[in-house]
Amino acid sequence: MRSRATCIAAAVACLLIAAGCAGGGDAVCPDGMDSFTELNVYFGLEKGSGGTVSEEEWQSFLADTVTSHFPDGLTALDARGQWFDTGAGRLYRESTKLLNVLVPADAADPGVDAVRTISDVYKQRFEQQAVFYTSLPACAAVY
């Protein structure tokens, strides 16, 4: 059985987390840092018709579709992902490309629109059902 103090502490923690999530999204940054939105986009590499997206195909997609939407810079990482298909009752694992982009906080909406556009191209080109992405407040600086 939990003590009353433990329950109160848990409730306060939940309220603080909820308040942080409801804050609107702009990060309050330390001096010398600027407010950004960090976009993370997860591209599964298994094609719908079988096979995988090759490194050459990925580099072509990055060059002809992604870079024009984020000309100020981006990071692309190799990753391993997994997801559970509740309909099939099966866990899937696949190689993934993780695209990480920082956009100024006041340009978050156009950044998300760009993510949706490149995701649509990726889904069509590589027969994907979905592309997953996140949007997070961030602080950044170049030294």
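Q: A disulfide is a pair of cysteine sulfur atoms within 2.5 Å. What makes Cys29 and Cys139 such a pair?

A: Their S to S distance is 2.3 Å, within the 2.5 Å limit, so the pair counts as a disulfide. By this rule the count comes to 1 disulfide. The model is predicted: local features need pLDDT of at least 70, side-chain atom pairs count only at pLDDT 80 or more, and totals for chains, interfaces and linings use all residues. Residues are numbered from 1 along each chain as its sequence is written, and side-chain values use heavy atoms, without hydrogens and water.

Q: Why is the disulfide of Cys29 and Cys139 called left-handed?

A: The torsion about its S-S bond is about -95°, so the disulfide is left-handed.

Q: How do you know that Cys29 and Cys139 link distant parts of the chain?

A: The two are 110 residues apart. Cys29 sits in the loop between helix 1 (4-21) and strand 1, and Cys139 in strand 4. Helices (H or I, at least four residues) and strands (E, at least two) are DSSP runs, numbered from the N terminus.

Q: How do you know that strand 1 and strand 3 pair?

A: Pairing takes at least two bridges found by DSSP. Strand 1 (residues 34-44) and strand 3 (residues 90-104) have 9, in the antiparallel sense. Gly44 stands opposite Thr96, and Phe43 opposite Lys97.

Q: What makes strand 2 and strand 3 a pair?

A: They share 11 bridges, in the antiparallel sense. Gln82 has Arg93 as its bridge partner, and Phe84 faces Leu91. The two strands form a hairpin with 4 residues between them. Gly89 in that turn has a positive phi of about 65°.

Q: Why do strand 2 and strand 4 count as edges of the sheet?

A: The 4 strands form an open, antiparallel sheet in the order 2-3-1-4. Strand 2 (75-85) and strand 4 (132-140) each have a single partner strand, so one side of each is left without a neighbour in the sheet. From one strand to the next the twist averages 30°.

Q: What makes helix 2 pack on the sheet?

A: Contact means heavy atoms within 4.5 Å. Helix 2 (residues 55-69) touches strand 1, strand 2 and strand 3, and makes about 30° with the direction of strand 3. Helix 3 (residues 108-126) lies across strand 1, strand 3 and strand 4, at about 10° to strand 1. Axes are lines fitted to C-alpha atoms, for helices over the stretch in contact, and angles run from 0 to 180 degrees between N-to-C directions.

Q: Why is helix 2 called roughly antiparallel to helix 3?

A: Their axes come within 10 Å and cross at roughly 155°. Angles over 145 degrees count as roughly antiparallel (under 35 roughly parallel, 65 to 115 roughly perpendicular, the rest oblique), so helix 2 is roughly antiparallel to helix 3. The contact includes Trp58 and Phe61 of helix 2 and Ile118 and Val121 of helix 3. Its residues divide into 8 nonpolar, 4 polar and 3 charged.

Terms used:
Ala, Val, Leu, Ile, Met, Phe, Trp, Tyr, Cys and Pro count as nonpolar, Asp, Glu, Lys and Arg as charged, and the others, Gly among them, as polar.
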